[in-house]
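Here is a short report on aromatic pairs and a few selected residues. Have the sequence and the model side by side as you read.

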Amino acid sequence: MDLSILEERGQTALRMKFSLPVTQYRHFSLTQPSRIVLDIFGDAKRQPRVENFRAETHWLSILRFSSGEGYLRLVMEIAAAAVPAYAIEPEN
């Protein structure tokens with residue numbers, strides 16, 4: 001997986017590229033602390049541990065990757081008190 005983070009005009013965009021097309025995913029937001037969770041389903045290898053990365057953009061503070069049986073989970077910790085409006089836009 002390749003991950004890039006872009007920030008322009010007050011918006012943060014995460015772009016993820018996988019070796020296989022993503023056909024199933026789910027996302028939801030949580031509060032206290034504010035975060036967005038994205039689960040990507042497929043033939044994912046289970047990771048032995050959780051990986052944390054500092055993002056430090058206008059909206060993000062930490063990205064956390066973990067996995068379960070058959071899915072990869074990305075948790076985006078939000079740097080604001082509330083989760084901002086967001087969109088998930090699959091591409092080829």
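## Strand residues and ring pairs

S66 is found in strand 6. The model is a predicted one. S66 has a relative accessible area of 19%. Buried means under 20%, so S66 counts as buried. Leaving aside residues up to four places away in sequence, S66 touches Q47, V50, L72 and R73.

Next, the aromatic rings. A pair of aromatic rings is described by the distance of the centres and the angle of the planes. How many aromatic pairs does the structure hold? It holds two.

One pair is F41 and Y71. The ring centres are 6.0 Å apart, and the planes meet at 55°. Planes under 30 degrees apart count as stacked and over 60 as edge-to-face, with the rest tilted. The F41 and Y71 pair is therefore tilted. This pair links distant parts of the chain. F41 sits in strand 4 (residues 35-41), and Y71 sits in strand 7 (residues 71-78). The two residues are 30 residues apart. F41 is partly exposed, at 28% relative accessible area. Y71 is partly exposed too, at 23%.

F53 and F65 form an aromatic pair as well. Their centres lie 5.9 Å from each other, with 75° between the planes. An angle over 60 degrees counts as edge-to-face, so that is the class of the F53 and F65 pair. F53 belongs to strand 5 (residues 51-54) and F65 to strand 6 (residues 60-68), so the pair ties together parts that are 12 residues apart in sequence.

Are the rings of this pair buried or exposed, or in between? F53 is partly exposed, with a relative accessible area of 40%. F65 is buried, with 5%.

The table sets out the two pairs.

| Pair | Centre to centre | Angle between planes | Class |
|---|---|---|---|
| F41 and Y71 | 6.0 Å | 55° | tilted |
| F53 and F65 | 5.9 Å | 75° | edge-to-face |

Now R15. Which strand holds R15? R15 is found in strand 2 (residues 11-17). Its relative accessibility is 49%. Exposed means over 50%, so R15 counts as partly exposed. Not counting residues up to four places away in sequence, R15 touches D2, L3, S4 and E91. For S4, there is also a backbone distance: the C-alpha atoms of R15 and S4 are separated by 5.2 Å. Along the chain, R15 and S4 are 11 residues apart.

Note on methods: Residues numbered from 1 in each chain as written. Predicted model: local features only at pLDDT ≥ 70, side-chain atom pairs only at ≥ 80, totals over all residues. Heavy atoms only, no water. Phe/Tyr/Trp six-rings, centres within 6.5 Å; stacked < 30°, edge-to-face > 60°. Helix = DSSP H or I, 4+ residues; strand = E, 2+ residues; numbered from the N terminus. Buried < 20%, exposed > 50% of the residue type's maximum accessible area, 1.4 Å probe, protein only. Contact = heavy atoms within 4.5 Å.
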